[in-house]
Amino acid sequence: MDQLIVKGGNPLHGSVRISGAKNSGLPILISALLSDKPLRVKNIPHLQDVTTTLDLLGRLGASVELDESMIVEVSTRDVNNFRATYEIVETMRASILVLGPLLARFGRAQVSMPGGCAIGSRPIGLHIEGLRALGASIDVEGGYIQASAGRLRGAHIFMDTISVTGTENLMMAATLAQGTTVIENAAQEPEVIDLANCLNGMGAKIEGAGTNKVMIEGVDYLSENSHTIIADRIEAGTYLAAGAVTGGDVTVRDVQPENMVAVMDKLNDAGAQITLGSDWVRLDMRGNRPKCVNIRTAPYPGFPTDMQAQMLMMNCVASGSGSITETIFENRFQHVQELQRMGANISMNGSTATVAGVKALQGARVTATDLRASACLALAGLVATSETVIHKIHHIDRGYNCIEEKLSQLGARISRIHVNGNISHSSNLAQSA
Ligand code: EPZ
C-alpha cells in the first residue's frame with residue numbers, strides 16, 4: 001500500500017492546472033450507454049474512479065478508446081451484458097449510475113447493491129423509486145437490484161432528498177422515455193448541468209438542469225456527441241485551501257469560478273485576498289495566518305460537503321475558533337480523530353465540530369479513511385512541525401490526479417513511497433497517471 005510522506009513549513013506559491021471533474025466524468029462516460037453511436041469525452045481526469053468506470057463499461061461490452069491527447073471515445077453499440085457485479089460496484093458506488101441508462105436503452109439491468117462507505121450508509125431508495133415511477137419493475141434479491149422495463153414512460157417525480165446521482169440516474173433514464181418527465185427537488189450541482197449539456201448534445205431534450213425542477217421530453221434515440229467536461233471545483237478548492245492553510249499565494253487555472261462561489265466566500269472570510277478571471281482564481285494570504293470560519297454544508301449552491309474536511313483542517317491552524325456542521329452525510333468526520341492525533345483542538349457535538357485553532361500541528365503517522373479526508377491529511381502535513389506519513393492513500397488516488405506532483409509544483413515537500421512487502425523506495429514525483 002502506498003504512503004505519502006509530507007514535510008511541513010513551506011508556504012505554497014505558484015499556479016496549478018485543475019483537471020476535469022471526477023463527478024462529471026463518471027456520469028458522462030456512463031451516459032454513452034444511452035446511444036449506439038460513439039461518445040467522445042475530453043478533459044477526462046486520470047483517476048482511479050475513471051479507470052474503474054471504463055473497466056465497468058468494457059465488462060458490459062462497450063469499446064473504449066483513448067487517443068494520445070487523452071480523449072476517450074466510448075461506443076456501446078455492442079453492449080451485450082447488463083450486469084454490474086459486486087466486485088466493481090464495491091470499488092466504486094457510482095456504478096449505480098448504469099442502472100437508468102441500461103433500463104432506458106436495453107430494458108434490463110442487474111446491479112449489485114452499493115453498500116455503505118466510510119462517510120455514510122449511502123442509500124439508493126430515491127434511484128429505485130424514481131425508476132419505478134418511470135415504469136421499471138425492480139426487485140432486490142441476493143444483494144442485486146434486478147430491474148426490467150418495456151419502454152419507460154415519463155412521470156412527475158418528487159425527490160424527498162436532494163440527491164446528485166439520484167437526479168443524474170433519473171435524468172438519463174428519462175431521456176429515452178415515452179413522454180415528458182419532471183424531476184422536482186432535483187440536485188443543482190454544476191456536474192448535473194454538465195451531464196445535461198452532454199445529453200442535449202446527443203439529442204436529448206432537457207430543460208432546467210441546475211435548478212430544482214428539471215424537465216425531460218423523451219426522444220426515440222440519442223446520437224453521437226463530443227463533450228468537454230468542466231473543471232473539478234473540489235480539486236480546485238482543495239489547492240486553494242492548501243494555500244490558505246500555509247499562508248501562501250496559490251492560483252488554480254482552467255476552472256469555472258462561477259462554480260466555486262461558496263468556497264471562495266469562506267476563504268475570503270478566512271482573510272484570503274481572492275482575485276479571479278474567466279478561468280482562474282488566485283488566493284493570496286499575504287503571509288498571514290488564516291482566520292477560523294463557520295461552515296454548514298448544504299446541497300449546491302450551498303457549501304459543498306466535499307470541501308468540509310479541507311476547511312475543518314484550515315480551522316485547526318487558524319486564529320480564533322469556528323464550527324463546522326455536516327448536514328449531508330452522517331459519518332463524515334473520520335478525519336477528526338486523525339487531526340486530533342496531530343495536535344488539533346476539536347470537540348464534537350453531534351454533526352458539529354468546534355475547532356479552536358492552534359499555531360501548528362505535529363507530524364504523525366495517520367490513516368486516510370475516505371477521498372476528501374485523505375486530502376485534508378495531506379494539507380495537515382503541509383503545516384505540521386515534523387514529518388507526516390499518510391497510510392491507505394488509495395483513497396486519495398480515486399479523486400486527485402497526481403496530488404503530490406501538483407503540491408510539489410507549489411513548493412510542498414511531499415513524496416510517495418511504494419511499500420511492496422519489506423522493500424520501500426521513494427519517488428519524488430507522482431507516477432504519471
Ligand atoms: C454525490 O454522491 C458525489 N458523488 C459525492 O462526492 C458528493 O459528496 C455527494 O454527491 C453530495 O454532493 C458523485 O457524484 C459520484 P447524494 P451521491 O445522493 O450522489 C441521501 C466525492 O467525494 N440519499 O447527493 O451518492 C444520502 O444518504 C463524493 O467525490 C438518500 O437518502 O450523494 C445523503 O445523505 C463523495 N437516498 C444525501 O442524500 C438516496 O436514494 C445526498 O447524497 C440517495 C441519497
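**Close-up 1. Arg40 and its salt-bridge partner across two strands.** In this predicted model, Arg40 comes out as partly exposed, at 31% relative accessibility. Its side chain meets that of Glu73 in a salt bridge, with 3.4 Å from N to O. The two sit in distant parts of the chain, 33 residues apart: Arg40 belongs to strand S3 (residues 39–42), while Glu73 belongs to strand S5 (residues 72–75). Glu73 is partly exposed too, with a relative accessible area of 24%.

**Close-up 2. Arg77 with Asp78.** Here's a salt bridge between Arg77 and Asp78, whose closest N and O atoms are 3.4 Å apart. Arg77 is exposed, its relative accessible area being 57%. Asp78 lands in the partly exposed class, at 47%.

**Close-up 3. A pair within helix H11.** Zoom in on Arg341 and Glu338, and you'll find their side chains meeting in a salt bridge of 3.1 Å, N to O. Both residues lie in helix H11 (residues 334–341); they're three residues apart, so about one helical turn separates them. Glu338 counts as buried, with 12% relative accessibility, whereas Arg341 counts as partly exposed, at 47%.

**Close-up 4. A salt-bridge network.** Moving on from that pair, this view takes in Asp2, Asp397, Glu404 and Arg416, which are joined into one network by salt bridges that share partners. For the bigger picture, searching the whole structure turns up 18 salt bridges, among them the Glu73 and Arg40 pair.

Methods. Residues numbered from 1 in each chain as written. Predicted model: local features only at pLDDT ≥ 70, side-chain atom pairs only at ≥ 80, totals over all residues. Heavy atoms only, no water. Salt bridge = Lys/Arg side-chain N within 4 Å of Asp/Glu carboxyl O. Helix = DSSP H or I, 4+ residues; strand = E, 2+ residues; numbered from the N terminus. Buried < 20%, exposed > 50% of the residue type's maximum accessible area, 1.4 Å probe, protein only.
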